[in-house]
Amino acid sequence: MAMTESPRQVGVVLRRRSIDNPWIDHMWSPVMILDEVPATAPWTVLSAEADATIYYAGAASIDLFSSDTANYRDNLADGEPRIWVALRRQDGGSELELTKVTADPTEGEAIFESGCDVIGTVPMPPDIASWIAAFVDEFHVERAFHKRQRDRADGNGQRMPDGSPDERRGRT
């Protein structure tokens, strides 16, 4: 069975907030995902306040894979579906680059261990939720869970590959 992939370009909006901390002076966090990519240059300031600035960070791709439809379905069924956003500092500097935007909760949780500098979730826009739901409806195949059978052991603790007694030793 061939895997099907469906990408969609989205816009990412971030907040840079000043904080009172002896080691860092600001913190980045994702604010929202735009279901359409605007004709705005990346890293354009959208609004500025005394302690926070909102930026359009740029475009990113959400890629759906037919092998992950169960994860997307679980995200949608949660009641408050989320999108995970990850950013990394370029060459250790202060500039950030978008590294991943995903609707897969399993992949999103794995991002937290990836070493990215900025990771967060935002609410999934309704248009993106509809797109993902249509993808799940078209490509989801329920897979039966098969519990692995353990090999049975003979009286001496010897395991037989087929679980049967060792007939070469005269055991039955």
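In the predicted model, tryptophan 43 lies in the loop that joins β2 (26-34) to β3 (44-48). The phi angle of tryptophan 43 is near 65 degrees, a positive value in a residue other than glycine. Most residues other than glycine have a negative phi. With a relative accessibility of 31%, tryptophan 43 counts as partly exposed, because this category takes in values that are neither under 20% nor over 50%.

The chain that holds this loop contains three helices and seven strands, and from the N terminus on its elements follow the order β-β-β-β-α-β-β-α-β-α. Of the 172 residues in the chain, 33% are buried. Among the contacts in the chain with a separation of 6 or more, 59% are accounted for by residues 24 or more positions apart.

Two buried positions, one in a strand and one in a helix, illustrate contacts of this chain beyond the immediate sequence neighbours. Threonine 53 belongs to strand β4, which spans residues 52-65, and its relative accessible area of 17% places it in the buried class, since that class requires a value under 20%. When residues up to four places away in sequence are not counted, threonine 53 touches Leu14, Arg15 and Arg16, and also Val45, Ser47 and Ala48; of these partners, Val45, Ser47 and Ala48 fall within the residue range of β3 (44-48).

Isoleucine 128 is located in helix α3, and with a relative accessible area of 0% this residue is likewise buried. Its contacts, leaving aside neighbours within four places in sequence, are with Arg8, Val10, Ile33, Asp35, Ile62 and Ile83. One of these partners, Ile33, lies within the range of β2 (26-34), while another, Ile62, lies within that of β4 (residues 52-65). Isoleucine 128 and isoleucine 33 are 95 residues apart along the chain, and their C-alpha atoms are separated by 9.3 Å.

Helix α3 (residues 126-139) also packs against helix α1 (residues 69-77), the two axes coming within 10 Å and crossing at roughly 135 degrees. The two helices are therefore oblique to each other, as an angle of this value lies outside the ranges for roughly parallel (under 35 degrees), roughly perpendicular (65 to 115) and roughly antiparallel (over 145) arrangements. The crossing of α1 and α3 is left-handed. On the α1 side the contact is made by Thr69, Tyr72, Arg73 and Leu76, and on the α3 side by Ala129, Ile132, Ala133, Phe135, Val136 and Phe139. Classed by residue type, this contact comprises eight nonpolar residues, one polar residue and one charged residue.

Arginine 73, which takes part in the contact of α1 with α3, also forms a salt bridge with aspartate 74, in which the closest N and O atoms are 3.9 Å apart. Both residues of this pair are partly exposed, with relative accessible areas of 30% for arginine 73 and 45% for aspartate 74. The count of salt bridges comes to two, and the other pair consists of lysine 100 and glutamate 107, with the closest N and O atoms 3.2 Å apart. Lysine 100 is partly exposed at a relative accessible area of 26%, and glutamate 107, at 29% relative accessibility, is also counted as partly exposed.

Conventions: Residues numbered from 1 in each chain as written. Predicted model: local features only at pLDDT ≥ 70, side-chain atom pairs only at ≥ 80, totals over all residues. Heavy atoms only, no water. Helix = DSSP H or I, 4+ residues; strand = E, 2+ residues; numbered from the N terminus. Buried < 20%, exposed > 50% of the residue type's maximum accessible area, 1.4 Å probe, protein only. Contact = heavy atoms within 4.5 Å. Axes fitted to C-alpha atoms, helices over the stretch in contact; angles between N-to-C directions. Left-handed = near helix turned anticlockwise from the far one by under 90°. Nonpolar A, V, L, I, M, F, W, Y, C, P; charged D, E, K, R; others polar. Salt bridge = Lys/Arg side-chain N within 4 Å of Asp/Glu carboxyl O.
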